[in-house]
Structures are given as structure tokens and as C-alpha cells.
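Let's take a friendly walk through a protein model together. Keep the structure open beside you as you read.

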Amino acid sequence: MARPDKAAAVADLVESFQDSAGAVLTEYRGLTVKQLQDLRRALGENAHYAVVKNTLTKIAADEAGVDGFDDLLTGPTAIAFINGDVVEAAKGLRDFAKAHPALVIKGGFLDGKPLEANEIARLADLESREVLLAKLAGGMLASLSQAVYLLNAPLSQAARLAGALQAKAEQDPSALKGGAGEPAAAPEAAAEAATEEAAPAASDEAATDEAADAPEA
């Protein structure tokens with residue numbers, strides 16, 4: 001590859017690293033061209049899958065500030081640059097690897113932090129971002145502060161937090177209700193309580209208004 005072509009290839013890789021939420025590095029030795037095309041179609045809009053040269057990828061990773069790739073860049077390498085739902089992309093790679101053992105997931109990075117292969121596997125076992133957000137919106141996490149923290153956390157940290165929550169919920173299903181083994185108050189009950197608290201105050205205000213309007217003796 002000529003020097004200008006190498007420079008252009010490195011620039012493209014740097015842009016891919018910088019524009020992606022994360023990336024998963026794989027070895028594809030033994031996969032056919034058709035199987036690689038099938039994998040690209042399976043990932044859809046969640047990621048684009050590119051065969052890369054190891055030496056150029058090392059240079060691009062350094063320029064993009066991505067750590068932890070040097071030891072993984074051996075053998076035929078392809079990278080899934082994740083543009084959409086990170087969990088869905090991880091699921092797609094995991095499922096394809098199960099059906100085609102020649103695809104080896106070696107590691108990656110998410111939110112600028114390196115991920116090992118087993119962490120990517122745990123990420124694939126999580127529920128999708130949409131499902132997690134639906135549970136948050138429905139008040140199914142232990143507390144509002146946890147919900148806000150999870151929503152605002154980087155994706156890699158959110159994935160680890162969600163995994164810990166899921167493991168806790170499997171041991172204690174009440175953790176997804178109100179925490180501490182107590183179910184969360186139903187919205188109807190909370191509204192009724194608020195109405196009861198407001199009623200005495202309204203009665204006192206009406207009595208005050210009647211006294212003010214009464215004619216003087």
C-alpha cells in the first residue's frame with residue numbers, strides 16, 4: 001500500500017474510532033466472504049464491520065486515544081464499530097459467533113475504556129437500552145437517585161450497573177419494586193394520600209374565608 005493510501009486508511013480508522021460509541025475487535029479466520037456479508041447484514045444499523053490491517057489500526061488507535069488494542073491486534077482482524085444500540089450490537093456478534101465459531105470476539109472498548117471479551121459477553125446478556133429505559137420510566141428501579149445515575153452514566157458504566165442490578169433482582173425480585181423488600185407504593189394510593197392531606201387544609205381555608213365575610217355585630 002502506497003504511503004498516501006496508508007495515510008488515508010489511518011485517517012478513516014481514526015474517524016471511525018472517534019465517531020463510534022464503542023468497537024469490538026474480532027478475528028475472522030475461517031469465515032467465508034458470504035458469512036462476512038451475512039454478519040454485516042445481521043448487525044444492521046447498530047454497527048459497521050470492517051476488515052482492517054493490524055499495523056494501521058495500531059497507529060489509528062493511538063491517534064484516537066484508544067488504549068488496550070495492541071495485544072489484540074494479531075491474526076486476521078476485523079472491527080465492529082458500534083453506531084447504534086451497544087447491547088444489540090453485542091448480542092448480534094455473540095449470536096453470530098455461536099453459529100459460526102470461526103468468529104472470535106477478542107475485546108474492545110466502550111466510552112473510551114477497554115473491554116475484555118468476557119465483559120462484552122456480559123454486555124450481550126443485558127436487556128436492550130430501550131427496555132432498561134422503560135423500566136426506569138416505570139419506576140422499577142430501587143430509587144430515583146439510582147435511576148438518574150444510571151441514565152446519566154457512560155454506557156460502559158451503565159452496562160455494568162445494570163448487570164449488577166439484574167443479578168441482584170434474580171436473587172431478590174423485590175429489588176425491582178421498592179427496595180428493602182417492600183413493594184413501591186401504587187400511583188393510585190399515592191394520589192389518594194395526597195388528596196387526604198390536602199382536604200383538612202382546604203377546610204381550614206374555607207372556615208377562615210367564612211369568618212372574614214361574616215357581618216360585624
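In which sense do strand β2 and β3 pair, and over how many bridges? Strand β2 (residues 47-52) runs antiparallel to β3, and the pairing extends over 6 bridges.

## The whole protein

This is a predicted model. The protein is built from 9 helices and 5 strands. Reading from the N terminus, its elements follow the order α-β-α-β-α-β-α-β-β-α-α-α-α-α.

Of the 217 residues in the protein, 33% are buried. The accessible surface of the protein is about 12800 Å², and carbon and sulfur atoms account for 55% of that surface. Among contacts between residues at least 6 apart in sequence, 77% link residues at least 24 apart.

## Strand β3 and its partners

Strand β3 covers residues 77-82, and 6 of its 6 residues are buried, so this strand is largely enclosed by the rest of the structure. Here, buried means under 20% relative accessible area. Thr77, Ile79 and Phe81 point one way from β3, while Ala78, Ala80 and Ile82 point the other way.

You have already met the pairing of β2 with β3. Strand β1 (residues 22-27) also pairs with β3 in the antiparallel sense, over 6 bridges. Look for Ile82 in β3: Gly22 stands opposite Ile82, and Ala47 stands opposite Ile82 as well.

## Helix α1 and its two faces

Helix α1 (residues 3-19) has 17 residues, which at 1.5 Å a residue should span 24 Å; the C-alpha atoms at its ends are 24 Å apart, so the two values agree. The buried residues of α1 are Val10, Leu13, Val14, Ser16 and Phe17. These buried residues cover an arc of only 160 degrees around the axis, which means that they sit on the same side of α1.

What do the buried residues of α1 pack against? They pack against β2, α3 (54-64), β3 and β4 (104-110). On the face turned away from the buried side, α1 carries the exposed residues Pro4, Asp12, Gln18 and Asp19.

## Two nonpolar cores

In soluble globular proteins, nonpolar side chains tend to be buried together. The largest nonpolar core of this protein contains 25 residues, and those with the most contacts inside it are Leu39, Leu43, Tyr49, Ala80, Leu103 and Leu123. At least two residues of this core come from each of α2 (33-43), β2, β3, α4 (86-99) and α5 (117-125). Helix α4 gives the most to this core, with 7 residues.

A second, separate core has 17 residues, including Phe17, Ala60, Phe69 and Leu73.

## Three residues to find

Start with Leu103. Leaving aside neighbours within four places in sequence, Leu103 is in contact with Thr26, Glu27, Leu31, Leu39, Tyr49, Leu93, Phe96 and Ala97.

Next, is Thr57 buried or exposed? Thr57, which lies in helix α3, has a relative accessible area of 0%, so Thr57 is buried. Not counting residues up to four places away in sequence, Thr57 touches Leu13, Phe17, Val52, Leu73 and Ile79.

Finally, find Ala102 in the loop between α4 and β4. Its relative accessibility is 27%, so Ala102 counts as partly exposed. Ala102 and Arg29 are 73 residues apart in sequence, yet their C-alpha atoms are 6.2 Å apart in space. Again not counting residues up to four places away in sequence, Ala102 touches Glu27, Tyr28, Arg29, Gly30 and Leu31.

Definitions and conventions:
Residues are numbered from 1 along each chain as its sequence is written. This is a predicted model: local features need pLDDT of at least 70, side-chain atom pairs count only at pLDDT 80 or more; totals for chains, interfaces and linings use all residues. Side-chain values use heavy atoms; hydrogens and water are left out. Buried means under 20% relative accessible area, exposed over 50%, partly exposed in between (1.4 Å probe, protein chains only). Helices (H or I, at least four residues) and strands (E, at least two) are DSSP runs, numbered from the N terminus. Two strands pair if DSSP finds at least two bridges between them. The expected span of a helix is 1.5 Å times one less than its number of residues. The arc is that of the directions from the helix axis to the C-beta atoms. Contact means heavy atoms within 4.5 Å. A nonpolar core is a set of buried Ala, Val, Leu, Ile, Met, Phe, Trp, Tyr and Cys residues joined through side-chain atoms within 4.5 Å. Accessible areas come from the Shrake-Rupley method with a 1.4 Å probe; for residues, only the protein chains shown count as cover.
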